[in-house]
Amino acid sequence: MPKRQYTAKMQITLFQGLLVSVVTAIISIDSHLEGFFWFRPIIVAPVTGLILGDLHTGLIAGGYLELIFAGLNGVGGTIPPDSIMAAVMTVVLAKTTNLSVEAAVASGYGFGLLMQAISTLVLTGFLAFNKPADNYAAKADIKGITRLCWIGIIIGALQYGILTFLSVYAAQDAMRNFAEILEVNYAWVLDGFSIAGGLLPAIGFAMLLKVMLKVQYFPYLLAGFLFSTFIPYDNILPVALMGVAFAMMSFFNDGEAKGGAVYDEEGI
Amino acid sequence: MTKKAFERALTKSDITRMSIRTLLNQATFNFERMQSIGFTASFAPELKKIYGDDTEGLAKALSDNLEFINTHNVTLAFLIGVMLSLYEKHESLETIRNIKVSLFGPLAGVGDAVFWFTLTPIMAGICASFANDGNILGPILYFLVFFGCFLLRIPLGHIGYTMGTKAFDIVSKNIARVNKAASILACTILGGLIASYISINVATSIPVGDSVVSLQTDFFDHIIPNFLPFVFTFFIYSLVRKKVSATTLILCTLVASIVLAYFKVLAP
């Protein structure tokens, strides 16, 4: 493979465009499922580079982007800027425009933000899966529930395959304009969906509370809420440990009241 | 029933298969119940094996698991392992639910801390430095390490299953106390989840004389931080108890979010 440096201008062929789109669609399934971590820029960018015949640019772009994305993750049900689109488009822009890899990273990141917005919309649409799932469960239809999973996976793959093909081959400029228009003129729609993302878990929690909450447990809910509010932390573990303390107090106090506990000292 | 020779419904290969099927966990991720459908699909075939001809029991077990869940995709196998061992011994659905709700948050905490906050940045640092030198070892090393993380699901599933089986006798001897303790733990965690997952940010401010009073920072945050998420959750809870359907609640929340974003009452 000839080692070309950053600014070589090239035209992407239809075959390359299709190949990048298909590979992106496959990698996006992994991103969706968080299975093998192929969706990280360190993997996506070199693979894209390889398809475009320039592994070196892919590696450099992957190295840059991986460090940028090291702190961006989907922990706690949030949607981070999209690492796949950012990596693919960084390599594509570095190869097809005069941008250096470093400069292409900034533009590529813009596509990552565009995909983040689109994913927020798609996952909002995924709310529609909950009702059929309940119906399948009521009929003990396991195949139905599994089928819903596959539909979700296929929708995600199509979302990436199509968007990548448009961005990489069919309508690069139009996509860049679209990203800008969306961000400038219709920011409120995207804001609305982000706001909803912060509210909707309340419905899931309310359903759980309906079956779990009894008046005598309310103090514990309040304690967990207060602890988490005043000692914010990046995971729920400290609250859980406090919950374990409460649970143990209850467990052992009840044992004493009944006169002698019936538990195995050695534990689990 | 524990006294009798206990016949297992599941084999070791069932647990291995379940651990691999946890890949489905995020297939229909959405903001209301997050991973619930994929989570259920991960071990639905094993549930079917346990329940056999008891379609009604299977339907109840499946429906139970379609409630809100959000945990880490690797440590998840451990949780399902524990749950399957309890299902296998026909532990009450209430107990299993309590154990699930009290485990998924902490397991997410452990998983996120180990994989997202520790391993990902470390691997990013190491592999990016290789990639920046144009060395293909960067992506290859990254690929291998995270493939190993995926394989980790299998031993975790088996450990969970074995621990669940061992813990069962202690649990069944103290079932009332364990249920109470688990409910306390689950409610504590739910309180913490309300504070950390639900966010409401009021953008409205009211001019008062020369100064501007922000409703969020000058009013609500002064009552108590996370005041609105708490009130909102219990507002939804009261509607759920009045049998308002989840679909209605979701649609109203979405519409309200977009309208409130348009008028800049709420901000993301």
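Me: Taking contact to mean heavy atoms within 4.5 Å, how many residues does the contact take from chain B and from chain A?

Reply: The structure is a predicted model, and the count applies to the two chains as they are placed in that model. With contact meaning heavy atoms within 4.5 Å, the contact between the chains takes 106 residues from chain A and, from chain B, 112 residues.

Me: What area is buried between chain B and chain A, and which three residues supply more of chain B's part than any other three?

Reply: The size of an interface is often given as the accessible area lost when the parts come together. For chain B and chain A the buried area is about 10,100 Å², and carbon and sulfur atoms give 77% of that area. Of the area that chain B buries against chain A, 9% comes from three residues, more than any other three supply, namely B:Phe31, B:Trp116 and B:Arg177.

Me: How many residue pairs are in polar contact between chain B and chain A, and which helix gives the largest share of the side of chain B that touches chain A?

Reply: Between chain B and chain A, counting pairs with both residues at pLDDT 80 or more, there are 15 residue pairs in polar contact. On the side of chain B that touches chain A, the residues divide into 68 nonpolar, 31 polar and 13 charged. The largest share of that side, 20 residues, is contributed by residues 93–132 of chain B, which form helix α5.

Me: Which residue of chain A forms a salt bridge with B:Lys180 across the interface?

Reply: The rule finds two salt bridges across the interface of chain B and chain A, while a search of the whole structure finds 10 over all chains. One of the interface pairs starts from B:Lys180 in helix α8 (residues 175–197) of chain B and crosses to helix α12 (residues 237–257) of chain A. The closest N and O atoms of this pair are 3.5 Å apart, and the partner in chain A is A:Asp254.

Me: Is A:Asp254 buried or exposed?

Reply: Its partner B:Lys180 has a relative accessible area of 32% and is therefore partly exposed. A:Asp254 has a relative accessible area of 19%, and because buried means under 20%, A:Asp254 counts as buried.

Me: Which residue meets B:Lys49 in a salt bridge at 2.6 Å, N to O?

Reply: B:Lys49 lies in helix α2 (residues 36–51) of chain B, and its partner lies 35 residues apart from it, in helix α1 (residues 12–21) of chain B. B:Lys49 is partly exposed at 42% relative accessibility, whereas the partner is buried, with a relative accessible area of 3%. Both residues also belong to a network of salt bridges that links them with B:Arg17 and B:Glu46. The residue that meets B:Lys49 at 2.6 Å is B:Asp14.

Me: Where does B:Glu67, the salt-bridge partner of B:Arg97, lie?

Reply: The closest N and O atoms of B:Arg97 and B:Glu67 are 3.2 Å apart, and both residues are buried. The pair links distant parts of the chain, 30 residues apart, with B:Arg97 in helix α5 of chain B and B:Glu67 in the loop between α3 (55–65) and α4 (76–88) of chain B.

Me: How far apart are the centres of the two domains of chain A?

Reply: Chain B is assigned domain 1 (12–195) and domain 2 (201–267), with C-alpha centres 33 Å apart. Chain A is divided into domain 1 (14–200) and domain 2 (213–257), and the separation of their centres, taken over C-alpha atoms, is 38 Å.

Methods: Residues numbered from 1 in each chain as written. Chains lettered and ligands numbered in written order. Predicted model: local features only at pLDDT ≥ 70, side-chain atom pairs only at ≥ 80, totals over all residues. Heavy atoms only, no water. Buried area = accessible area lost by both parts, 1.4 Å probe. Salt bridge = Lys/Arg side-chain N within 4 Å of Asp/Glu carboxyl O. Polar contact = N/O pair within 3.5 Å; in protein donor to acceptor, adjacent residues only side chain to side chain. Helix = DSSP H or I, 4+ residues; strand = E, 2+ residues; numbered from the N terminus. Nonpolar A, V, L, I, M, F, W, Y, C, P; charged D, E, K, R; others polar. Domains from an automatic or database assignment. Buried < 20%, exposed > 50% of the residue type's maximum accessible area, 1.4 Å probe, protein only.
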